[in-house]
Amino acid sequence: MRKIDLAIVGGGLAGGLLALALHRARPDLNFLLIEAGKTFGGHHRWSWFESDLTPAGKELLAPFPQVKWTSGYHVAFPGYKRKMHANYCSLSSKDFDKTLRETLPLETQSLGTRVKNFDSSSVTLADGERLEAGAVIDCRNIIASKHLEGGWQIFVGRHFKYKKPHGIKNPIIMDASVTQHAPSGNRSAYRFMYVLPLADDELFFEDTYYDEERALDENLLKYRIDQYNQQIGLEEGTEISREKGILPVITGGDFKAYLSSFEKQGVAMAGARGGFNHPLTSFTMPFAVSNALAIAGKANLTGEELAKFVKTRALRHWRKTSIYRALGRMLFKATEPERRVGIFEMFYKNSQELIERFYAGQTTMMDRMHILTGKPPVSIARAVRALVSKGKPLSKENSE
């Protein structure tokens with residue numbers, strides 16, 4: 001039986017950053033990063049505002065190749081356009097995987113390794129091998145649960161290369177001037193196009209919408225991205241890669257019951273499965289970075305102590321992010337689907353500082369008052385009913 005100090009189950013963003021932070025803070029620690037896939041990070045693109053991270057967080061991400069835009073970004077709605085002046089960053093999972101492989105000691109990496117079971121002191125692999133561990137940290141992704149309520153953020157992303165420069169200099173974080181149609185039938189949903197100029201001749205597009213139904217029509221979203229290319233005057237490009245996803249938009253629920261439904265005694269849950277995401281935007285980068293640094297600073301704790309430490313952080317994060325769940329209820333419950341775009345349009349008329357704090361999950365009490373006491377783009381009665389309403393359970397059985 002192999003013995004290690006710490007096992008990290010799940011080599012996505014949270015697990016990979018934790019492994020890097022541990023390697024930097026405790027190079028003497030005998031840990032193992034276990035990932036079922038062939039690469040760390042899966043197949044994703046993570047983006048964030050530079051203001052989302054502390055100086056220590058930026059330092060942790062420094063080894064990864066990032067595309068950075070320092071001249072602002074654009075948003076567009078049916079009746080309003082704006083250029084923001086915050087710095088924006090993006091990292092591909094391909095570069096994430098390459099950097100981790102090159103940076104972490106080979107003996108700490110275990111790719112293509114499925115886990116059969118684990119507890120507070122051991123991990124049993126699918127091939128029957130058992131690892132004895134001083135601590136085990138679960139960094140796997142979030143799962144659907146009847147204990148959480150809300151809707152879904154659904155997207156298809158496509159990366160294109162063109163024969164000549166495309167001429168787009170700044171990211172378009174949210175172009176909601178597009179038709180507000182969901183894929184199924186003629187229903188409407190809050191929809192926007194997301195555009196990143198990754199190079200002079202490369203663009204990344206993501207067709208995204210918020211909907212109560214958990215349904216993804218990849219071919220339709222692929223077609224809509226082609227249409228958008230034509231509308232902005234681009235010649236046909238060559239697709240380099242594609243990604244897709246269905247992410248939960250959490251508007252409420254019983255978080256303690258959610259954790260209790262699958263947590264293992266003495267095992268810390270430090271990824272999105274443990275509740276570390278942005279309830280409304282589904283962003284994970286700021287929280288994955290913060291958790292990695294915090295846990296690396298407590299690596300001397302026992303497994304039981306680490307589990308308590310991380311759970312305390314998760315419960316605090318749930319309380320702190322209540323404003324975003326309230327806004328999610330407003331989005332899904334306070335207005336007709338075709339008018340949801342008005343909620344985001346009004347939000348983007350706030351100060352840039354408030355918007356940056358919103359994305360970082362650092363909304364202040366004054367921000368909350370400003371957001372919730374302004375005149376909503378819906379009736380006051382519907383807004384109040386939405387704020388006190390319960391959402392649809394976020395389980396696959398009740399969503400498909």
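In this predicted model, Arg325 lies over the face of Trp318, at 3.6 Å from the ring centre. A second arrangement of this kind involves Arg214, whose charged end sits over the ring of Trp152, 5.1 Å from its centre.

Arg325 and Trp318 also belong to the lining of the largest cavity. The count of cavities of 30 Å³ or more comes to 1. The space in the largest cavity is about 70 Å³. Its lining is made up of Ile142, Leu148, Ile250, Phe255, Tyr258, Gly275, Asn277, Pro279, His317, Trp318, Thr321 and Arg325. Two elements, helix H5 (255-260) and helix H7 (303-320), give two or more residues each to this lining. By residue class, the lining of the largest cavity holds 7 nonpolar, 4 polar and 1 charged. Such empty space is found by rolling a probe the size of a water molecule over the atoms.

Aromatic contacts were then searched for across the whole structure, and 23 aromatic pairs were found. In one of them, the ring centres of Tyr190 and Phe344 are 4.3 Å apart and the ring planes lie at 0°, so the pair is classed as stacked; planes under 30 degrees apart meet this class. Tyr190 is part of strand S14 (residues 190-199) and Phe344 is part of helix H9 (residues 341-347), so the pair ties together parts that are 154 residues apart in sequence. Tyr190 and Phe344 are both buried.

The pair formed by Tyr258 and Phe262 has another geometry: the ring centres are 4.9 Å apart and the planes are at 80°, so this pair is edge-to-face. The cut-off for that class is an angle over 60 degrees. Tyr258, which is also among the residues that line the largest cavity, has a relative accessibility of 0% and therefore counts as buried, the limit being under 20%.

Aromatic residues are also grouped beyond single pairs. One aromatic cluster is formed by Phe49, Trp69, Tyr73, Phe77, Tyr88, Phe283, Tyr324, Phe347, Tyr348, Phe358 and Tyr359.

A further buried position is found in a loop. Thr108 lies between helix H3 (93-103) and strand S8 (109-110). The relative accessible area of Thr108 is 5%, so the residue is buried. With residues up to four places away in sequence left out, Thr108 touches Phe31, Leu32 and Leu33.

Key:
Residues numbered from 1 in each chain as written. Predicted model: local features only at pLDDT ≥ 70, side-chain atom pairs only at ≥ 80, totals over all residues. Heavy atoms only, no water. Helix = DSSP H or I, 4+ residues; strand = E, 2+ residues; numbered from the N terminus. Buried < 20%, exposed > 50% of the residue type's maximum accessible area, 1.4 Å probe, protein only. Contact = heavy atoms within 4.5 Å. Phe/Tyr/Trp six-rings, centres within 6.5 Å; stacked < 30°, edge-to-face > 60°. Lys NZ or Arg CZ within 6 Å of the ring centre and 35° of its normal. 1 Å grid on protein atoms, 1.4 Å probe; cavity = no way out; pocket = protein on both sides within 12 Å on 5 of 7 lines; lining within 4 Å. Points joined across faces, edges and corners; volume = space filled by probe spheres on them. Nonpolar A, V, L, I, M, F, W, Y, C, P; charged D, E, K, R; others polar.
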